[in-house]
Amino acid sequence: MDNGSVLDVRVIQIGIGGWGKNHARILSQMGVLTAICDADSNRAKDFGTKYSVNHYSSLDLLLKSEKFDAAFVCTPTSTHFSIATTLLQKKKNVFVEKPMTYLSHEGDELQNLAYKNKVVLTCGYIERFNPAVALIKDYVKSKKYGELIMLEFHRENRMPLHIKDVGIIYDTSVHDIDTAMWLFDDTPEVVFARSGKIKHDHEDFATIMLGFKDSKVAIISSNWITPTRVRKFNAVCEDAIISSDFISQEVKIETNNGTEIPRKDVAEPLLLEIKNFLAACEGKEELLVKPEHAVNTTKIAEAALLSSQKGTPIYLELK
Ligand SMILES: NC(=O)c1ccc[n+]([C@@H]2O[C@H](COP(=O)([O-])OP(=O)(O)OC[C@H]3O[C@@H](n4cnc5c(N)ncnc54)[C@H](O)[C@@H]3O)[C@@H](O)[C@H]2O)c1
């Protein structure tokens, strides 16, 4: 793997579970991983041994012994706020997996702390780094197919049994909430949602409508019922319908002149996301996912849950 110029950053990681093991693999390959921590001491030992780095079963123990510049927080959502607060107070650059926090006011606190301590804070809204999304972002920006009018997302899967602390809106729909704001380059004025639960303790299906200015709209449909993994979206533009698959990274463009499948660059979005964060820590690149983007996503997730409880639209004034 190309290490680029990020080798000067010493990185630790907290939480090496189902998703976090991917970060550890990439960070180790980049040669920047110096220590890991997982509350499950066997897991910590296994991955510490695998990547030849120091391992701990608590952040407090790690902090007593390790010197580092940046940290990855890949623990369950309910733990993000306290772990990230501890790290930001110690003036470390922090990457927090999505959603940044469960409560938006906690996200505001993390954002303020990061700015006060002049450190980098980002959140794992990985789809911005998906080459398919990046290509469509370029089309929208250049208006190659006219104005983007409507987005439709389908993110479906069987229920992830290990996720206990949040429902599908905070776990899954947040990816599409962020992607909608990224592609429209705007925040929604209104949120209307219906959600319910069949098998999970929290909501396990949700349809969310985000209303943007000029009647532009994003419809986000997520469920943990479909037995197969579906992650698709359509972008309706004035002169084309662009459809894409987050997994295959394929993009299809349908216009009055026929169908086109542009050449696609396939890349691992997580690698691009990690590289962007580490380059931002070194002051070499602008951060793509800024803390305020992650706070807005949590605010919209809160509004979606409230809307589905009340059965009414929720109007927002996001910055
Ligand atoms: N960006 C994405 O596409 C994506 C995909 C999956 C998960 N995630 C996010 O990643 C995070 C982790 O999800 P997961 O599926 O890996 O969960 P997981 O339950 O598989 O792993 C979490 C790990 O954190 C450890 N842990 C829990 N509390 C801890 C603490 N206080 N200190 C140290 N370790 C602790 C657990 O022992 C476990 O090994 C969540 O925020 C989730 O939303 C993001």
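Two residues are in contact here if their C-beta atoms, placed from the backbone, lie within 7 Å. The exercises below concern a predicted model, and each is followed by a worked solution.

**Exercise 1. Describe the surroundings of Leu87, stating whether it is buried or exposed and which residues it touches.**

Begin with the location, since Leu87 is found in helix 4. Next, count the neighbours: 28 other C-beta atoms lie within 10 Å of Leu87, and because a residue with 20 or more counts as buried, Leu87 is buried. Then list the contacts, leaving out residues up to four places away in sequence, and the result is that Leu87 touches Ala71, Lys92 and Val94. Finally, take a distance to Leu63, which is 24 residues apart from Leu87 in sequence and 9.1 Å apart in space, C-alpha to C-alpha.

**Exercise 2. Carry out the analysis for Ile168, asking where it lies and which residues it contacts.**

The location comes first, and Ile168 is found in helix 7, which covers residues 168-184. With 26 other C-beta atoms within 10 Å, Ile168 is buried. Once its neighbours within four places in sequence are left aside, Ile168 is in contact with Ser173, Glu203, Asp204, Phe205, Ala206, Ser222, Asn223 and Trp224. As a last step, consider His105, which is 63 residues apart from Ile168 along the chain, the two C-alpha atoms being separated by 20 Å.

**Exercise 3. Determine which residues of helix 1 are buried, how they are arranged around the helix axis, and what covers them.**

Helix 1 runs over residues 20-30, and within it Gly20, His23, Ala24, Leu27 and Met30 are buried. Seen down the axis of helix 1, these buried residues fall within an arc of 130°, so they line one face of the helix. The elements that cover them include strand 1 (11-14), strand 2 (33-37), helix 2, strand 4 (70-73) and helix 8. To complete the picture, look just after helix 1, where Gly31 takes a positive phi of about 80°.

**Exercise 4. Examine the backbone at Ser52, Asp214 and Pro99, and say where each residue is found.**

A general point guides the solution: most residues other than glycine have a negative phi, and most peptide bonds are trans.

- Ser52 has a phi near 50°, a positive value in a residue other than glycine. Ser52 is found in the loop between helix 2 (41-51) and strand 3 (54-56), and with 8 C-beta neighbours inside 10 Å it counts as exposed.
- Asp214 has a phi near 60°, also a positive value in a residue other than glycine. Asp214 is found in the loop between strand 9 (205-211) and strand 10 (217-223), and Asp214 is exposed, having 8 other C-beta atoms within 10 Å.
- Pro99 is joined to Lys98 by a cis peptide bond, with omega about -15°. Pro99 is found in the loop between strand 5 (93-96) and helix 5 (104-116).

**Exercise 5. Describe how the two assigned domains are placed and how many residues of each are in contact with the other.**

Start from the domain assignment, which gives domain 1 as 11-124 + 271-288 and domain 2 as 127-266 + 299-315. The C-alpha centres of domain 1 and domain 2 lie 27 Å apart. Turning to the interface, 11 residues of domain 1 are in contact with 10 residues of domain 2. On the side of domain 1 that touches domain 2, helix 4 (77-89) and helix 8 (269-281) each supply at least two residues. By class, that side of domain 1 has 5 nonpolar, 4 polar and 2 charged residues.

**Exercise 6. State which residues come nearest to the ligand, and give the classes of residues in the shell around it.**

There are 24 residues around the ligand, of which Gly15, Gly17, Gly18, Trp19 and Glu97 come nearest. Sorted by class, the shell has 9 nonpolar, 9 polar and 6 charged residues.

**Exercise 7. Decide how compact the chain is for its length, after counting its helices and strands.**

The count gives 9 helices and 15 strands in the chain. The radius of gyration is 20 Å, close to the 20 Å that the globule rule gives for 319 residues, so the chain is as compact as a globular protein of that length. Along its principal axes, the C-alpha trace spans about 60 × 45 × 40 Å. As for burial, buried residues make up 44% of the 319 residues in the chain.

Key
Residues numbered from 1 in each chain as written. Predicted model: local features only at pLDDT ≥ 70, side-chain atom pairs only at ≥ 80, totals over all residues. Helix = DSSP H or I, 4+ residues; strand = E, 2+ residues; numbered from the N terminus. Buried ≥ 20, exposed ≤ 12 C-beta atoms within 10 Å, placed from the backbone. Near = placed C-beta within 6 Å. Nonpolar A, V, L, I, M, F, W, Y, C, P; charged D, E, K, R; others polar. Domains from an automatic or database assignment. Arc of directions from axis to C-beta. Rg over C-alpha atoms; globule rule 2.2 N^0.38 Å.
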